[in-house]
Protein chains: 2
Amino acid sequence: MNPTIKDVAEKAGVSLSTVSLVINRKKNVSEETTRKVQQAIVDLNYHPRRLAQGLASRRTGNIGFILSDDHFSRAEPFYTKIFLGCEFEARNHNYYILLTTVQDKFTSKSIPRFLPEKNVDGIIVAGKVPAAFLDSIRDYQLPLLFIDYLPLKDIGKYSAVLIDNEDGALQAVNHLIKAGHRHIAFIGGDIKHPSIRSRLEGYKQAFKKSNLPLKDQLIICDEPYTAAIDGYNAMCKLLHRTDEFSAIFAANDAMAFGCLTCLREKKYQVPAHVSLVGFDDVDVATQMEPHLTTIRVNKEEIGAIAVKHIVDMIVNEKKTVGKIYVPVELIVRNSTISRSNK
Amino acid sequence: MNPTIKDVAEKAGVSLSTVSLVINRKKNVSEETTRKVQQAIVDLNYHPRRLAQGLASRRTGNIGFILSDDHFSRAEPFYTKIFLGCEFEARNHNYYILLTTVQDKFTSKSIPRFLPEKNVDGIIVAGKVPAAFLDSIRDYQLPLLFIDYLPLKDIGKYSAVLIDNEDGALQAVNHLIKAGHRHIAFIGGDIKHPSIRSRLEGYKQAFKKSNLPLKDQLIICDEPYTAAIDGYNAMCKLLHRTDEFSAIFAANDAMAFGCLTCLREKKYQVPAHVSLVGFDDVDVATQMEPHLTTIRVNKEEIGAIAVKHIVDMIVNEKKTVGKIYVPVELIVRNSTISRSNK
DNA sequence: ATATCCTATCGAAACGTTTCGATTAATTTA
DNA sequence: TAAATTAATCGAAACGTTTCGATAGGATAT
């Protein structure tokens, strides 16, 4: 059988509790003893049993990670990468991530098992989840942290790690303005989505800060979702309305890709005729032709930040850590071009 | 505080151990008692603490799920969907999946934590992982099941859930043969990969079974990987070599997509000039134009099957469950066309 | 020299289950 | 009717830690 703390204690010639104190880096242990115990641990290749630790300490050492079904299995691995960032960071803190998904049509029967079974110390919710789900999650009184989404109700009470959408949009549009563009369209979908809303806000801010006029007819924002097909449709609508623009800021890369497809069909060239900027810097951004200028969101970093904060909440029993905005970065590629005359 | 088994015992007027017997559906409990206990459980909304169960029963109730870093975060959510299938099935058996990734450059320091910490009852390895990793995993003597990959060394000793690649390829090529095609090219990459090898084998089988001649010059199989770009390059090579073919079987959808891109550039139309079949039925298969005829692999089902078997191994202490082949299905879409004259 | 305060260590209880052997009651067999 | 068998239930130990209160010894203050 594998060594237990008892074996370590015997080998080091100390009591169980002293070994435990060393393992958990508690104070009031002499250097001498610490050394002896650590040596014994190495010699025996001892690793504390997770379950026993959890039971005794009333800490499971697990963090629940929840996202909606379709967010998880959709093609673009946005949340998957965030999860990966979480997992890496969790290792540093000696936590496990328990990943589970919640269906769009949520019923109280399908509550993630780790909640009733008391198998997590805190919960991370990534992306939009059904409102009904949030109601039933709150009863468990666990540290709760959102990623890239905030429930509208009681918005102030929640902690969240958020992408700085507004600043990203600002950077994107500023880039176009600096390149000499004056007529810049906004292609968005589902304006009810907080991220899209913020990106539109940043777009508007950019005009305001540069003292340029905003043209409402260059804003298309009534598609149902934010996928490539929505970008395609929105682009068609815009072209139907006007062709007085030299640049486009799409609310995300997928929609930018849709825009590109539509523009191609209508024989507009990117970037020769029209410059195009996306948002997210997903993989496809460098796979399309031309490579897409976009706003980079570091997904792994978001996950890491989230774990740091939820661990902070767990360990220090903090009720909230507020809203944390993760900075974004403009990545200039070949889909934008400078324009001397407007 | 939350109810414990003790509260249930008191409420039902029985001993702790009797409650435990009911929970674990052990024999020799009277109907009467069972009813009483179950009622108490419902009344108190009792759920056994996972950690306590684990400690006492020497079963963690966790299954480790391991895949390589890049498999997890790559764009096509193939293994992600398999994971999802695992997670769903695991719920039915009351297990948790602990997901972790292993880096390509594996060192013994980066062994998944749940192994030394004794935090899983069994391990599922999905997709190809570094050989060095496998060596260090074996020491833990846990039930081990592979998905969609088998280490070449000691191949007979391992259990695995595998896609029936050979049969899939057979179906794909048979479909083309039935449609009147005689000159059918094979576009594959990385022939060292067992899946690709099997698909090529199926391709050859189809010709043999139909008593048709196999043309070696129509087989391109020396790209380094199996991504779209490899398909593109392989297709270019083929066209450079000959244009005497009316159909192509690509070793996967990604490569098929690459083929399509190349064919387009060279002004070949699919399916008018060339019919094209892929393998995997990934999302992009229905997003491209024309929609791709392909072989469907049910990823969620694979995950579910894997969990069923690993649980079987855990519960019944089976050393192995052998190789399980998951059937695949031909999905005819618009990239293939019947050809009356060869 | 005595009382007081730290510091390092320890012993034992506790965490919430499962499981095994013991016990009692009911049933069957001789 | 007594003995043997079976079914239902129970009590207690065990799982492997953490943690709290106790203790002994050394340093410091009085």
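**View 1. The two protein chains overlaid.** Turn chain A by 180 degrees, shift it by 0.0 Å along the axis, and it lands on chain B with an RMSD of 0.1 Å; the fit is a least-squares superposition on the C-alpha atoms of residues with pLDDT of at least 70 in both copies. The two copies are thus related as by a two-fold rotation axis. In chain A, Leu51(A) has the C-alpha nearest that axis, at 2.6 Å. Keep in mind that this is a predicted model, in which local features need pLDDT of at least 70 and side-chain atom pairs count only at pLDDT 80 or more, while totals for chains, interfaces and linings use all residues. As for labels, residues are numbered from 1 along each chain as its sequence is written, and chains are lettered from A and ligands numbered from 1 in the order in which they are written.

**View 2. Where chain A meets chain B.** Each chain puts residues into the contact: 29 from chain A and 29 from chain B. Two residues count as in contact if their C-beta atoms, placed from the backbone, lie within 7 Å. On the chain A side, α4, α5 (69-73), α6 (78-92) and β2 (96-102) each supply at least two residues. Those element names come from DSSP runs numbered from the N terminus: helices are H or I runs of at least four residues, strands are E runs of at least two. The chain A side that touches chain B divides into 11 nonpolar, nine polar and nine charged residues. Here Ala, Val, Leu, Ile, Met, Phe, Trp, Tyr, Cys and Pro count as nonpolar, Asp, Glu, Lys and Arg as charged, and the others, Gly among them, as polar. The copies meet through the same surface, since 100% of the interface residues of chain A are also interface residues in chain B.

**View 3. The surroundings of DNA strand D.** Around this strand sit 27 residues, the closest being Ile5(A), Ser17(A), Ser20(A), Ala56(A) and Ser17(B). A residue is near a strand if its C-beta atom, placed from the backbone, lies within 6 Å of it. Elements giving two or more residues to this surface are α2 (16-23) and α4 (50-57) of chain A, along with α2 (16-23), α3 (31-44) and α4 (50-57) of chain B. By type, the surface has 13 nonpolar, 12 polar and two charged residues.

**View 4. The surroundings of DNA strand C.** Here 26 residues surround the strand, with Ser17(A), Ile5(B), Ser17(B), Ser20(B) and Ala56(B) the closest. The elements giving two or more residues are α2 and α4 of chain A plus α2 and α4 of chain B. The split is 13 nonpolar, 12 polar and one charged.

**View 5. Helix α9 of chain A.** This helix covers residues 194-209, and its 16 residues should span 22 Å at 1.5 Å a residue, which agrees with end C-alpha atoms 22 Å apart; the expected span is 1.5 Å times one less than the number of residues. Its buried residues are Ser195(A), Ile196(A), Arg199(A), Leu200(A), Gly202(A), Tyr203(A) and Ala206(A). They fall within an arc of 155 degrees seen down the helix axis, so they line one face of α9(A); the arc is taken over the directions from the axis to the C-beta atoms. An α-helix has 3.6 residues a turn, so residues three or four places apart point the same way. Buried means 20 or more other C-beta atoms within 10 Å of the residue's own, exposed means 12 or fewer, and partly exposed is in between, with C-beta atoms placed from the backbone. Packed against the buried residues of α9(A) are β5 (159-163), α8 (165-178), β6 (184-189), β7 (219-223) and β8 (247-250) of chain A. The face turned away from the buried side carries the exposed Lys208(A) and Lys209(A). Just past the helix, Asn211(A) takes a positive phi of about 55 degrees.

**View 6. Cys262(A) and Arg182(A).** Cys262(A) lies in helix α11 (residues 253-265) of chain A and is buried, with 20 other C-beta atoms within 10 Å. Leaving aside residues up to four places away in sequence, Cys262(A) touches Tyr232(A), Met235(A) and Cys236(A). Arg182(A) belongs to the loop between α8 and β6 of chain A. With 17 C-beta neighbours inside 10 Å, Arg182(A) counts as partly exposed.
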